[in-house]
Amino acid sequence: MFSLSKKTKGFFIEINAQTALIARTSSPEVPLAIEEIKEVPIGDEPAVQAAVKDLVGKKGGSGYMHARCGIYPPRRFVRRFTLDLKRVKEPDYLMEICAQQFRMETDKYAIAVLNSADGTDYDMEVGKMVTQKEVVFVGGNNSELLASQERLLALGVYPEGLELGTLATLGSLVNYHAFAKLKAPTLVLEIDPDNTQSFIITADGLDATRSIPQGLEAMIPVVQKELNLKDEESARKLFFSNTFDFTNMGVMLVKKLIKELQSLIGFYEVQTGQSIGQVVCTQIPPKLAWLSNVIAKELGVSVLKLDLADWLKSRQITFASPSASSNLDPRWLGLLSLMVFYDAVAATKK
């Protein structure tokens, strides 16, 4: 049996499709300093357990690491929607949207409704009195959420807070937009094995969302065909190995994805009159980092260069060792977002 160890430090862990990202900080809450960060391939469970024990510092101990956790269940969803204020009074209206518009079996999902501008909970009573109609439906499949919790416990992690990594990341990117004084909207992509979650954000919040049934796995048959490989498994190993330069083939690999993204961007630009200025891919593994440049080039935008160290400093987060921040790329944003605190209500009133 695991015992529950006292928490004197802060611990944060993100489990995504590729890796486990783990951090120990000087305090559970800001202001804090990031003391150590680790990255472990998600398929190596013993290595993740060892990293957890190492960060906690209990040699041979059996205490859980109390941590704030970010997860990416495959059927997670973040969907922006414009409510019909005439129907907000109807008790089943919101669940009807999930069932009919999002094609969800609502009894199998944990669902929350947030205000699109600041991420605060949508208040049904307030909604009846004001014209607050832009909302975001968020949540995940119940069985996948439970499996995520059980997996964390098996790794020696006690989840003191469990968040959708997607939501934490979007919140931070909206804040970063304001911090960096970015003028043009940003396209945010989470490219999973089987689909791509796409979002358009500005400093004012989440403006558009779309789930696209094109992910990394959809690129494997193209690799097999273009390189004349004997089977998809051979193509998959080569694709993820970083031993072959796929840059010249990149346009073919993302062709279907680009078509969907152009549709999303085109609709957004017609609706708002704003043009996308940059793109950021938050879940691409290092060996596939070239995909960001290919996607940006095909869309005619730049890749967003994140200055994470300066942004974190503005949120009262520093690094115990300055060199620790030098290798941070967009993949770390989800983990770092778990550390950040936003007083959304105060900011809205201000």
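This is a walk through a predicted model, stop by stop, with something to select at each one.

**Whole chain**

Start zoomed out, with a cartoon of everything. The protein has 13 helices and 15 strands. Along the principal axes, the C-alpha trace covers about 60 × 55 × 40 Å. The radius of gyration is 21 Å, which agrees with the value near 20 Å that a compact globule of 350 residues would have.

Now switch on a surface. The accessible area is about 17,500 Å², and carbon and sulfur atoms account for 51% of that. Of the 350 residues, 45% are buried. If you like contact maps, take the contacts between residues at least 6 apart in sequence: 67% of them join residues at least 24 apart.

Colour by charge next. There are 39 positive and 41 negative charges, and their mean positions sit 2 Å apart.

**Ile-13 and its surroundings**

Select Ile-13, in strand S2 (residues 10-15). Is this residue buried or exposed? Its relative accessibility is 0%, so Ile-13 counts as buried.

Show what touches this side of the strand. Beyond the neighbours within four places in sequence, Ile-13 has contacts that include Leu-21, Ile-22, Met-65, Ala-67 and Cys-69. Further along the chain, Leu-152, Val-157, Leu-335 and Leu-338 are also among the residues in contact with Ile-13.

Before moving on, draw a C-alpha to C-alpha distance from Ile-13 to Arg-24: the two are 9.0 Å apart in space and 11 residues apart in sequence. Arg-24 is the next stop.

**Arg-24, Glu-36 and a charged network**

Oppositely charged side chains can pair when their charged atoms come close. Select Arg-24 and Glu-36, whose side chains form a salt bridge with an N to O distance of 3.4 Å. Arg-24 belongs to strand S3 (residues 19-25) and Glu-36 to strand S4 (residues 32-41), so the pair ties together parts that are 12 residues apart in sequence. Arg-24 is buried at 16% relative accessible area, while Glu-36 is partly exposed at 27%.

Widen the selection to Lys-9, Glu-35, Lys-38 and Asp-54: together with Arg-24 and Glu-36, they are linked in a network of salt bridges. How many salt bridges are there by this rule? The count is 19.

While you're here, slide to the loop between S3 and S4, where Pro-31 sits. Most peptide bonds are trans. The bond joining Val-30 and Pro-31 is cis, with omega at about 0°.

**Two more salt bridges**

Jump to Glu-260 and Arg-210, another salt bridge, this one at 4.0 Å from N to O. Glu-260 is in helix H9 (residues 255-272) and Arg-210 in strand S12 (residues 205-212), so this helix-to-strand pair ties together parts 50 residues apart in sequence. Both ends are partly exposed: Glu-260 has 32% relative accessibility, and Arg-210 has 25%.

Then pick Glu-233 and Arg-236, which meet in a salt bridge at 2.8 Å, N to O. What separates these two residues along helix H7 (residues 232-241)? They are 3 residues apart, or about one helical turn. Glu-233 is partly exposed at 39%, and Arg-236 is partly exposed at 21%.

**Two backbone oddities**

Open a Ramachandran plot for this stop. Most residues other than glycine have a negative phi. Asn-228, in the loop between helix H6 (220-227) and H7, has a positive phi of about 55°. With 70% relative accessibility, Asn-228 counts as exposed.

Gln-316 also has a positive phi, near 65°. You'll find Gln-316 in the loop between helix H11 (308-314) and strand S15 (317-319). Its relative accessible area is 47%, so Gln-316 counts as partly exposed.

**Last stop: Thr-282**

Finish at Thr-282, in the loop between strand S13 (278-281) and helix H10 (290-299). At 2% relative accessibility, this loop residue counts as buried. What surrounds Thr-282, leaving aside its neighbours within four places in sequence? Show Thr-169, Leu-173, Val-188, Leu-189, Glu-190, Pro-330 and Arg-331 as sticks, and you have the residues in contact with Thr-282.

How values were computed: Residues are numbered from 1 along each chain as its sequence is written. This is a predicted model: local features need pLDDT of at least 70, side-chain atom pairs count only at pLDDT 80 or more; totals for chains, interfaces and linings use all residues. Side-chain values use heavy atoms; hydrogens and water are left out. Helices (H or I, at least four residues) and strands (E, at least two) are DSSP runs, numbered from the N terminus. Buried means under 20% relative accessible area, exposed over 50%, partly exposed in between (1.4 Å probe, protein chains only). The radius of gyration is taken over C-alpha atoms; the globule rule is 2.2 Å times the number of residues to the power 0.38. Contact means heavy atoms within 4.5 Å. Accessible areas come from the Shrake-Rupley method with a 1.4 Å probe; for residues, only the protein chains shown count as cover. Lys and Arg count as positive and Asp and Glu as negative; His and the chain ends are not counted. The place of a charge is taken as NZ of Lys, CZ of Arg, CG of Asp or CD of Glu.
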